[in-house]
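Take a look at the protein below. This report walks through its fold, its helix, its strands and a few selected side chains.

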Amino acid sequence: MPRLVAGLAIAAAFLPYGCGQNTVDTKAAEKAIADNIARQIGDRPRHVVCPDSIAAKKGETFTCRVIRSDGNTVLVKAVQRNDKGDFVFAPASRQPKP
């Protein structure tokens with residue numbers, strides 16, 4: 001059974017959000033996670049769901065639901081590496097380093 005690979009680095013887009021604050025582009029983050037998982041383990045998730053609004057801020061975290069091709073759900077926790085939308089992610093039971 002395929003497993004998610006820990007500590008995958010992702011560069012996602014960010015969007016301006018009022019008063020100079022940036023947010024992570026949720027759809028870009030979901031696509032980046034799905035693409036990275038597919039590339040790493042050769043099995044594309046059915047769906048990835050991340051929060052609608054994610055402030056782009058170094059060290060902040062967010063959790064996404066990954067629905068695997070077999071229908072099982074895995075939570076992944078992402079840690080932002082900077083305030084530009086770059087992040088690393090791993091299964092929620094493991095902590096990636098920023």
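A residue counts as buried when its relative accessible area is under 20%. The model shown here is predicted. Of its 98 residues, 40% count as buried. The accessible surface comes to about 5600 Å². Carbon and sulfur atoms hold 50% of that surface.

**The overall fold**

The protein has one helix and eight strands. Along the sequence they follow the pattern β-β-β-α-β-β-β-β-β. Contacts also link distant parts of the chain. Take the contacts between residues at least 6 apart in sequence: 43% of them join residues at least 24 apart.

**The helix**

Helix 1 covers residues 26-41. How far apart are its end C-alpha atoms? They are 22 Å apart. At 1.5 Å a residue, the 16 residues should span 22 Å, so the two values agree.

Both ends of the helix have a feature to look for. At the N-terminal end, Asp25 acts as a cap. One of its side-chain oxygens lies 3.2 Å from the backbone nitrogen of Lys27. Just after the helix comes Gly42, with a positive phi of about 75°.

Several helix residues are buried. Among them are Thr26, Ala29, Ala32, Ile33 and Ala34. Asn36, Ile37 and Ala38 are buried too.

**Glu30, a buried residue in the helix**

Glu30 is found in helix 1. Is Glu30 buried or exposed? Its relative accessible area is 10%, and the cut-off for buried is under 20%, so Glu30 is buried. What does Glu30 touch, leaving aside its neighbours within four places in sequence? It is in contact with Val48, Val49 and Cys50.

Look at Cys50 in particular. Glu30 and Cys50 are 20 residues apart along the chain, yet their C-alpha atoms are separated by 6.3 Å. A polar atom of the Glu30 side chain lies 2.8 Å from the backbone nitrogen of Cys50.

**How the strands pair**

Now turn to the strands. Strand 6 covers residues 61-67, and strand 7 covers residues 73-80. Strand 8 covers residues 86-91. Strand 4 is made of residues 47-49. The table lists three antiparallel pairings.

| Strands | Bridges | A bridge pair |
|---|---|---|
| strand 6 and strand 7 | seven | Arg65 and Leu75 |
| strand 7 and strand 8 | five | Val76 and Pro91 |
| strand 4 and strand 6 | three | His47 and Ile67 |

Strand 7 thus appears in two of the rows: it pairs with strand 6 and with strand 8. Strand 6 also pairs with strand 4. Another bridge between strand 6 and strand 7 joins Val66 to Val74.

**Two hairpins**

Strand 6 and strand 7 form a hairpin with five residues between the strands. Here Gly71 takes a positive phi near 90°. Strand 7 and strand 8 form a hairpin as well, again with five residues between them. In that turn, Gly85 has a positive phi of about 95°.

**An aromatic pair**

How many aromatic pairs does the structure hold? There is one. Phe62 and Phe87 form it, in an edge-to-face arrangement. Their ring centres are 5.3 Å apart, with 70° between the planes. Phe62 lies in strand 6 and Phe87 in strand 8, so the pair ties together parts that are 25 residues apart in sequence. Phe62 and Phe87 are both buried.

**Gln80, a buried residue in a strand**

Gln80 sits in strand 7. Its relative accessible area is 1%, so Gln80 is buried under the 20% cut-off. What does the side chain of Gln80 reach? It reaches the backbone oxygen of Ala55, at 3.0 Å.

**Pulling it together**

Go back to the model and trace these features in turn. Start with helix 1, where Asp25 caps the N-terminal end. Move to Glu30 and its contacts with Val48, Val49 and Cys50. Then follow strand 6 into strand 7 through the hairpin with Gly71, and strand 7 into strand 8 through the turn with Gly85. Finish at Phe62 and Phe87, the edge-to-face pair.

Definitions and conventions: Residues numbered from 1 in each chain as written. Predicted model: local features only at pLDDT ≥ 70, side-chain atom pairs only at ≥ 80, totals over all residues. Heavy atoms only, no water. Pairing = 2+ DSSP bridges. Helix = DSSP H or I, 4+ residues; strand = E, 2+ residues; numbered from the N terminus. Buried < 20%, exposed > 50% of the residue type's maximum accessible area, 1.4 Å probe, protein only. Contact = heavy atoms within 4.5 Å. Areas by Shrake-Rupley, 256 points an atom, 1.4 Å probe, with all protein chains shown as cover. Polar contact = N/O pair within 3.5 Å; in protein donor to acceptor, adjacent residues only side chain to side chain. Phe/Tyr/Trp six-rings, centres within 6.5 Å; stacked < 30°, edge-to-face > 60°. Expected span 1.5 Å × (residues − 1).
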